[in-house]
Amino acid sequence: MKNIIEKKSFLKNVSAKYSLLFCLLVPLCFFQFFVYGKSFLVHDGLNEHTAFLAFYGQWLRHIVSNIFHGNFSIPTFSFSLGFGADVVSTLNWFCLGDPLNLFSVFVPKEGAYVLFVILAILRLYLMGIAFIIFCRKKTFFNSSVVFGALAYSFCGYAIFIGVRHPYFLNPMIYFPLLCLGIDFILEKKSPLLFIITVFISCACNYYFFYMLSIFVFIYAIVRFFFVEKSYGNSKKLNAFIKVFLKTVGFYFIGVALASFIFLPNIYGFLTASRTTEKIIVPLLYDINYYANLFFSPSAPSSFGSYGNLGFAAPILLFVVFLFTQKDSVSRQLKIFLLIGFLFFLIPFLAHVTNGFNYITNRWSFAFALPACVSFVHIFPKFCSASKKDLKLPMIIIAVHSFIILAACFFDKNIRQQYFVCYAFSLLFLFFSYILLKKNKNAFLQKFICISIFLGIIINSNIRFSPYGLNYLEKYTSFGSYEKNLNANTDFEIKKLSDKYFFRYDEEGKFTANNSAIFGTSGTNYYYSISDIHLMQLYEELCLATTNNMRCSSLNRRSALQKLFAVKYFVLPTKTEYIPEYMTFVKEFDTYAGKKKLYRLNNSLPFAVPYKNVLYADKNFENLNPIEKQELFLAAAVVYDEKSKIKNEENEIKLNSKILHKSISFIENNDVKIEDNKITTKKKNSTFEIDFAGEEDSDSRKELYLLFKNFYYTTDNEEHVKPKITFVADSGKKESFSFELTSSNDSMGHNRMPCFGLQDCESGKFFVTLENKGVYEFDEISVFALDISEKDKKFNSRYNDEISSLTFAENKISLETSLKEREFVRFSMPYSKGWKIFIDGRETKSYRCDIAFIGTFVESGNHSVVLKYSTPFLNIGLVVSLLGLIILIVLCFCQKSRRKKNE
């Protein structure tokens, strides 16, 4: 009983001090946001985090409203997410599963930004509380725990990522609790903390749960071999196997509890575009990476992707001093730190922690725990150590700081990033030595704590200051979320009186995911899990952007706009391009500037029947991008179903013309073109492409310029942003700019911008390349597509064949009246979650046109219903229920065992 009271007193005392100091640190670390008028939102925060937090709140309120009205169905598919996506697998990356985000149910979309900021700060606070709870079972000095918790909450990783991607902080909350749960299991105490934390972290985000699992596994193995009192020296292998199996069992109980979220998300991840990336893993990083790593322990600068240390200056000295100690706890901490350091050194380990995907150090949150626990553990020993014991650690830190300060005198960028941090480190070292020399141990303890506090403030302000790393530059202006919410394209789209389903396409959209907030359907989106077939479509049609998780408009391509059931097109007013196959509707203001709204004259509906059905064979694969997109409007191209298609394959005449035989590249003094290589001698160099088309052409055609496998080779990390201007013989100009991926990326090297309807007898393209260096390409071609015949057919079809199209929760209904058996394509991504019923009987669904879903419908009048269920959701619910039953049984067994022992 006395022990319990002492622990409660410890928690109350330490938590109160921590809370007070945390409240002081927050304004001192982030005041520059207010000074410079910045919000807590970077581009991702405005595009993703606040948008999905607002959507999540509306989604939860809708579910609650359904329940109050006796409807217990949960809408798990939304057409406001990209071209239509699963809610569970899309939102888990950002908010769904995180208990803290449940507060969004009480907050309207207007308050999403305020909630975002509050939750970001709350996560920072909870990190320290989790650290304190982990330390409460140790005999640590109270003040050291308080300041160790502050160092943990405001470490370099947390400051870097805390308000940029707040959910990246969640693993720093769960990691100490998981490790404490492992300790309880090893000490033969209740596994409940471990199971519940596994459940929450697994449900919260499977990506970080994977990383947590790796490091908790390492922690468990190291800890086992140091818990000698429980297991002794004999039969340790048998004991290890027994404890290992028991711990794995508890782990899977937690995973089972989370399966209702976990299983659908694993399926979503395995069918997402991120799993297709081709990664080259080097044996070692380049020398700049290791130099930045050497410079980073006491400074906020990053090294590599998401690599961050940035601890307050005293922490590094305490970590070095730890390596001179030989007690059991010190030995364990040294092992953890050395393992973490090894993960920083070897790219393959970063590759492993990121799910064998691209190389990133997002796992570096795990290094903060042993580093800060080292400070807490070694604090009393440091304060009572002799000058002889501290001589070597102090010399090491002094030499390290002097090397960095010396480098600061030779490089302005290094000076901005590191000078203040390491000057403070030397000052801390000097005064610590003076206090040690005078045996002022009590004052030394206070001085160290104050130095931790000041070190956090210094690192935070260097990170954000325009005179330091200028990280503030990445953040949007204060009020950007509210201004965007009050004046945007989606707000105007909602005013339109169209009662039928449609999408809108917008060029130069400021925020990609506004549709999620307003419930509209657009072609722009940006999120972390994107449908793999959509990415294949973008790549094959040369629409892929610099990111395989987004779509940024359809590049003015009328065929794709029809394919995606686009009815309205939005352009910035300053854009000179005028789409001739559309009707101007109105001009309106948005936060990003004035916009022009057009209505397509011949848009296609959501469901389209096709008489012609082909299958995706080698002949189809060999078509160029223009031919493929044109073919999709004339026929349904079905995948992997050749033997079951009864329709005869009719030869389909395609109207697209390739003009590359008449193309010529015009060099100049700044640009040399030879053997599919373009060499520019200065920035913003321009070269000319001339072409000759058909002299006897009696109609204007859509003009395209294809860049195939085009990338910048001088810098493998650099993205290329060509600007292209087409000049017709009449003098008319059309401009288009876009971004291509770097040569290290596995996709996005192919783009094919459209320059609208043009007289294609001849013309010139002027291509401006912003970077000096060498560019390589496989092909640059000019295409012309006659869309006049297609438009005539569009005007006469589809009016009477599809009717009574209605959308409900997880359900789409329509009526068909066909003269013959046809294939009906629906303008939404293919998913195994959709089941199609014709007249009440389930029929097979097919993937068609690379990314879409459709089915065959017989002639006559039929009722077609599509029903959606999140893949593996029902299985996950059953597994979660079984996990709950096992947990209840386990709790009863443990309770009975405790009573028996008593």
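**Turns, salt bridges and surface patches in a predicted model**

Asp675 is exposed, with a relative accessible area of 69%. In this predicted model, the residue sits in the loop between strand S14 (671-674) and S15. Its backbone is worth a look as well: although Asp675 is not a glycine, its phi is positive, at about 50°. A second aspartate invites a similar look. Asp839 has a positive phi of about 55° and is likewise not a glycine. The loop that holds Asp839 runs between strand S28 (834-838) and strand S29 (841-843). With a relative accessible area of 47%, Asp839 counts as partly exposed, because the exposed class begins over 50%.

Strand S15 leads on to the charged pairs. Side chains of opposite charge can pair when their charged atoms come close. In the present model, 22 salt bridges are found, and several of them deserve a closer description. Lys677 pairs with Glu776, their closest N and O atoms being 3.9 Å apart. This salt bridge links distant parts of the chain, as Lys677 belongs to strand S15 (residues 677-680) and Glu776 to strand S23 (residues 773-776), 99 residues apart. Both partners have some access to the surface: Lys677 is partly exposed at a relative accessible area of 38%, and Glu776 is partly exposed at 24%. Elsewhere, salt bridges with shared partners connect Asp490, Glu506, Lys509 and Lys595 into one network.

Two further salt bridges are made by buried residues. In one of them, Arg123 meets Asp98, with 2.7 Å between the closest N and O atoms. The two residues are 25 positions apart and come from distant parts of the chain: Arg123 is in helix H4 (residues 112-135), while Asp98 is in the loop between helix H3 (87-91) and H4. Arg123 has a relative accessible area of 4% and is therefore buried; Asp98, at 3%, is buried too. In the other, the side chains of Asp183 and Arg223 form a salt bridge with an N to O distance of 2.8 Å. Asp183 is part of helix H7 (residues 170-186) and Arg223 of helix H9 (residues 206-224), so this pair ties together parts 40 residues apart in sequence. Asp183 is buried, with 0% relative accessibility, and Arg223 is buried as well, with a relative accessible area of 9%.

Attention then turns to helix H23, which spans residues 514-518 and includes Ser515. Ser515 is buried, since its relative accessibility is 3%. Beyond residues up to four places away in sequence, Ser515 touches Ser80, Asp490, Tyr504, Thr520, Ser521 and Gly522. Asp490 thus appears here among the contacts of Ser515 and also as a member of the salt-bridge network described above. Ile517 is located in helix H23 too, and with a relative accessible area of 3% this residue is buried. Once neighbours within four places in sequence are set aside, the contacts of Ile517 are Ala51, Ala54, Gln58, Lys109, Tyr481 and Leu485. Ser80, named above as a contact of Ser515, also offers a useful distance for Ile517: the C-alpha atoms of Ile517 and Ser80 are 8.1 Å apart, although 437 residues separate the two in sequence.

Another buried serine is found in helix H25. Ser558 lies in this helix, which covers residues 558-563, and its relative accessibility of 2% makes it buried. Apart from neighbours within four places in sequence, Ser558 is in contact with Tyr581, Glu702, Tyr704 and Ile787.

The final region to consider is helix H29, which has residues in two surface patches of unlike character. The nonpolar patch, of about 750 Å², is made by Val878, Leu881, Leu882, Leu884, Ile885, Ile888, Val889 and Phe892. Among these residues, Leu881 is placed in helix H29. The positive patch is formed by Lys188, Lys242, Lys246 and Arg897. Of these, Arg897 lies in helix H29 (residues 873-901), where this arginine counts as partly exposed because its relative accessibility is 48%.

Conventions: Residues are numbered from 1 along each chain as its sequence is written. This is a predicted model: local features need pLDDT of at least 70, side-chain atom pairs count only at pLDDT 80 or more; totals for chains, interfaces and linings use all residues. Side-chain values use heavy atoms; hydrogens and water are left out. Patches are made of residues with over 30% relative accessible area and no salt bridge: like charges are joined within 9 Å, nonpolar side chains (Val, Leu, Ile, Met, Phe, Trp, Tyr) within 5 Å. Accessible areas come from the Shrake-Rupley method with a 1.4 Å probe; for residues, only the protein chains shown count as cover. A salt bridge is a side-chain nitrogen of Lys or Arg within 4 Å of a carboxyl oxygen of Asp or Glu. Lys and Arg count as positive and Asp and Glu as negative; His and the chain ends are not counted. The place of a charge is taken as NZ of Lys, CZ of Arg, CG of Asp or CD of Glu. Helices (H or I, at least four residues) and strands (E, at least two) are DSSP runs, numbered from the N terminus. Buried means under 20% relative accessible area, exposed over 50%, partly exposed in between (1.4 Å probe, protein chains only). Contact means heavy atoms within 4.5 Å.
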